[in-house]
Amino acid sequence: MPKETLQNSVSELKDHLDQAGEVSTDDKEALTDLAARLEVMLSGSAEHWEEGLVEEFEKQLIQYEEAHPLIARVISQIITTLNGMGL
């Protein structure tokens, strides 16, 4: 179930990024890349879970918290789920 929750959160995050016109291209690319890395791990293509993934999502959360609350909420959901999985 946590993997399904993460996949849903990643999809939601991508949707919000597509709709967020005021987010810079560089910021979108950084967060999209992070989401793609998570998807690779969810698909089982990666040998192991990346250790620093949660920290990278936490940095993104801080960046988006004030100006983009919907994106920040989804990032927070991803962090909570990853933490619940022991990462």
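**Entry 1: Ser 9**

I began with Ser 9 and looked up its contacts; leaving out residues up to four places away in sequence, Ser 9 touches Val 74, Gln 77 and Ile 78. I note at once that the model is a predicted one. Ser 9 has its place in helix 1. Is Ser 9 buried or exposed? I found a relative accessible area of 5%, so Ser 9 is buried, the limit being under 20%.

**Entry 2: helix 1 and helix 4**

I next looked up how helix 1 lies against helix 4. Their axes come within 9 Å and cross at roughly 160°. I therefore recorded helix 1 and helix 4 as roughly antiparallel to each other, since angles over 145 degrees count as such. The crossing of these two helices is left-handed.

I then listed the residues that make the contact. Helix 1 contributes Pro 2, Thr 5, Leu 6, Ser 9, Val 10, Glu 12, Leu 13, His 16 and Leu 17. From helix 4 come Leu 70, Ile 71, Arg 73, Val 74, Ile 75, Gln 77, Ile 78, Thr 81 and Leu 82. Sorted by class, the contact of helix 1 with helix 4 has eleven nonpolar, five polar and two charged residues.

**Entry 3: Thr 81**

I turned to one of the helix 4 residues in that list, Thr 81. Thr 81 is found in helix 4. Its relative accessible area is 15%, and I entered Thr 81 as buried. Which residues does Thr 81 contact, its neighbours within four places in sequence left aside? I found Pro 2, Thr 5 and Leu 6.

**Entry 4: helix 3 and helix 4**

I looked up a second helix pair. Helix 3 covers residues 53-64 and helix 4 covers residues 69-84. Their axes come within 9 Å, with a crossing of roughly 160°. That makes helix 3 roughly antiparallel to helix 4. I recorded this crossing as left-handed.

On the helix 3 side I noted Leu 53, Val 54, Phe 57, Glu 58, Gln 60, Leu 61 and Tyr 64. These meet Pro 69, Ile 71, Ala 72, Ile 75, Ser 76, Ile 78, Ile 79, Leu 82 and Asn 83 in helix 4. By class, I entered twelve nonpolar, three polar and one charged residues for the contact of helix 3 with helix 4.

**Entry 5: the largest nonpolar core**

Which residues touch the most other members of the largest nonpolar core? Of its 24 residues, I found these to be Leu 13, Leu 31, Leu 38, Phe 57, Ile 71, Ile 75 and Ile 78. Helix 1 (2-19), helix 2 (25-43), helix 3 and helix 4 are the elements that give two or more residues to this core. Helix 4 gives the most, with seven residues.

I followed Leu 13 further. With residues up to four places away in sequence not counted, Leu 13 touches Leu 31, Ala 35, Phe 57, Ile 71, Val 74, Ile 75 and Ile 78.

**Entry 6: Glu 50**

Last, I looked up a loop residue. Where is Glu 50 found? I located Glu 50 in the loop between helix 2 and helix 3. Its relative accessible area is 28%, and Glu 50 is partly exposed, because that class lies between the 20% and 50% limits. Not counting residues up to four places away in sequence, Glu 50 touches Arg 37 and Met 41. I also checked Glu 50 against Leu 87, which is 37 residues apart from it along the chain. Their C-alpha atoms are separated by 8.6 Å.

Note on methods: Residues are numbered from 1 along each chain as its sequence is written. This is a predicted model: local features need pLDDT of at least 70, side-chain atom pairs count only at pLDDT 80 or more; totals for chains, interfaces and linings use all residues. Side-chain values use heavy atoms; hydrogens and water are left out. Axes are lines fitted to C-alpha atoms, for helices over the stretch in contact, and angles run from 0 to 180 degrees between N-to-C directions. Angles under 35 degrees count as roughly parallel, over 145 as roughly antiparallel, 65 to 115 as roughly perpendicular and the rest as oblique. A crossing is left-handed if the near helix is turned anticlockwise from the far one by less than a right angle, and right-handed if clockwise. Contact means heavy atoms within 4.5 Å. Ala, Val, Leu, Ile, Met, Phe, Trp, Tyr, Cys and Pro count as nonpolar, Asp, Glu, Lys and Arg as charged, and the others, Gly among them, as polar. A nonpolar core is a set of buried Ala, Val, Leu, Ile, Met, Phe, Trp, Tyr and Cys residues joined through side-chain atoms within 4.5 Å. Buried means under 20% relative accessible area, exposed over 50%, partly exposed in between (1.4 Å probe, protein chains only).
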